[in-house]
Amino acid sequence: MTQEAMIENRTFDEIRVGDTASTTRTLTERDIQLFALVSGDINPAHLDADYAATDLFRRVIAHGMWGGGLISAVLGTELPGPGAIYLSQLLRFTQPVGLGDTITASVTVSEKRAERGIVVLDCRCVNQTGEQVIIGQAEVKAPTEKVRRPRTILPEVRLRDHDGYRQLIELTSNGEPEPTAVAHPCSAAALSAAIEAAEAGLIAPVLVGPEAKIWKTAEEAGKDIRPFRLVPAEHSHDAATKAVALVRSGEARLLMKGSLHTNELMGAVVSSATGLRTERRISHAYVMDVPDHPTPLIITDAAINIAPTIDEKADIIRNAIDLAHVIGIEEPRVAILSAVETINPDMQSTLDAAALCKMADRGQISGGLLDGPLAFDNAISEAAAKEKGIVSPVAGKAEILVVPNLEAGNMLAKQLTFLGGADAAGIVLGARVPIILTSRADSLRTRLASCAVAVLLARAALKAAPGLAETARP
């Protein structure tokens, strides 16, 4: 075991007045978040930049005891080190510590009390410019026995800030709530999803379903539905038909799935006589917020098209590119996935990928950069792509993942969700209006993100076709 990997104390007999030890650390946003998680101190002066800008110091500052923790770390690991018992600590905070400040915490032995084995230490923290930020004094009972042990390797901690979804929701802040037909909101989860989105200012829900059942659900869920319009329907199929009719008539600009099966709602959507089909193939996309991944990942199609043809995949890609544009990705990188990154005549997905890339070269698919076939690892990992010798503007940087079939997409999305801790906001594309698909297992954050994506799509469509009247406004 190397010296650097060991931790060793100083016993009472070894300690001399004037002995000193120190540690240095630069304050990061992660430090503040971790301290808030452990302590429960969520004072906005530490966590809310907008609030902090109006506060006394005009910036985000560290919790006072973050600096105190540095002093504790020196006492527990350096001087005296393992075996020391912390008895008391006096601290005075003389200057705030802000993000990016480099703090050196030092302790110096000022007194030894032999009768009780107590050591008194002067404590001091200074920043990178030499300003004193904390002064104080500590009393510890020093160890009498020598301790030398391997340093404990700390676990890796991952923080999720959900910035991607927060930014999506913020993009909708300037505008009126979108009138939304909610088909059969007859479960607490479905009704709550619609009401929460309304409370967030995203949608103006029109509740379509059996009146008595909706009122009973609202009562059981503790929700007030009096502000919302209610359109009676006999059952779930009827609710789907009537919700679609509200969209066709212009009374709603979005469609939202309630507690009916997806195929019931989509049956009404794809009806040739009364549905919402366009010249595009209807497809599903997940906008996924994956921990430690720098940007949202769009996975398509994981819910609608079971085994899409090349033509259908082309529309799936076009829909996903339009979605990417709306959420702020100007030229999305599109990876067409397979199990391998080379063309294999025995693997149809690789042949489809090659054909789709050629279609993009000829202008049949535009608005994004396509490459494929790519395996999942070299689509999202630059290191994996480099290892395979793949030179491509897409490999390792993909923002849209086009899966070979529904099974692959569904398994990929659920693996990221349940094993990787990702959130998956679902949306159906290619119809006359965006269709919001939420799940009972979705968090409030995910439900709001699904609605936010739909709102952005609806507003983009209106901007592209300003001749469409605002008939759906309440």
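Where is D301 found? In this predicted model, D301 sits in the loop between strand 13 (297-300) and helix 10 (310-326). The spot is worth a look, since the peptide bond that leads from T300 into D301 is cis, with omega near 0°. A cis bond also turns up between G372 and P373, this time with omega near 5°. P373 has its place in strand 15, which covers residues 369-374.

Stepping back to the whole chain, the model has 15 helices and 18 strands. What radius of gyration does the chain have, and what would a compact globule of 474 residues have? The chain comes out at 29 Å, whereas a compact globule of that many residues would be near 23 Å. The C-alpha trace, followed along its principal axes, spans about 95 × 60 × 35 Å. As for contacts between residues at least 6 apart in sequence, 70% of them join residues at least 24 apart.

The surface can be put in numbers too. Of the 474 residues in the chain, 47% are buried. The accessible surface adds up to about 23,300 Å², and carbon and sulfur atoms account for 52% of that area. On the charge side, there are 47 positive and 58 negative side chains. The centres of these two sets lie 1 Å apart.

A good place to zoom in is strand 5, which takes in residues 118-126. This strand is mostly covered, with 7 of its 9 residues buried. What does strand 5 pair with? One partner is strand 4 (residues 102-113), and the two run antiparallel over 9 bridges. Another is strand 6 (residues 132-141), again antiparallel and again joined to strand 5 by 9 bridges. I118 shows up in both pairings: R113 stands opposite I118, and I118 in turn stands opposite K141 in strand 6.

Both of these pairings are hairpins, and each turn holds a glycine with a positive phi. Between strand 4 and strand 5 there are 4 residues, and G117 in that turn has a phi of about 70°. The hairpin made by strand 5 and strand 6 has 5 residues between its strands, and there G130 in the turn has a phi of about 90°.

Positive phi values also appear in residues that are not glycine. One of these is R58, with phi near 60°. R58 is found in the loop between helix 3 (49-52) and helix 4 (64-77). The other case to mention is H184, which has a positive phi of about 60°. H184 belongs to the loop that runs between strand 8 (178-183) and helix 6 (188-199).

Is each of these two loop residues buried or exposed? R58 has a relative accessible area of 57%, so it counts as exposed, the cut-off for that being over 50%. H184 has a relative accessibility of 8% and therefore counts as buried, a label that applies under 20%. To put the pair side by side, R58 is an exposed residue in the loop between helix 3 and helix 4, while H184 is a buried one in the loop between strand 8 and helix 6.

Key
Residues numbered from 1 in each chain as written. Predicted model: local features only at pLDDT ≥ 70, side-chain atom pairs only at ≥ 80, totals over all residues. Heavy atoms only, no water. Rg over C-alpha atoms; globule rule 2.2 N^0.38 Å. Buried < 20%, exposed > 50% of the residue type's maximum accessible area, 1.4 Å probe, protein only. Contact = heavy atoms within 4.5 Å. Areas by Shrake-Rupley, 256 points an atom, 1.4 Å probe, with all protein chains shown as cover. Lys, Arg positive; Asp, Glu negative; His and termini not counted. Charge placed at Lys NZ, Arg CZ, Asp CG, Glu CD. Pairing = 2+ DSSP bridges.
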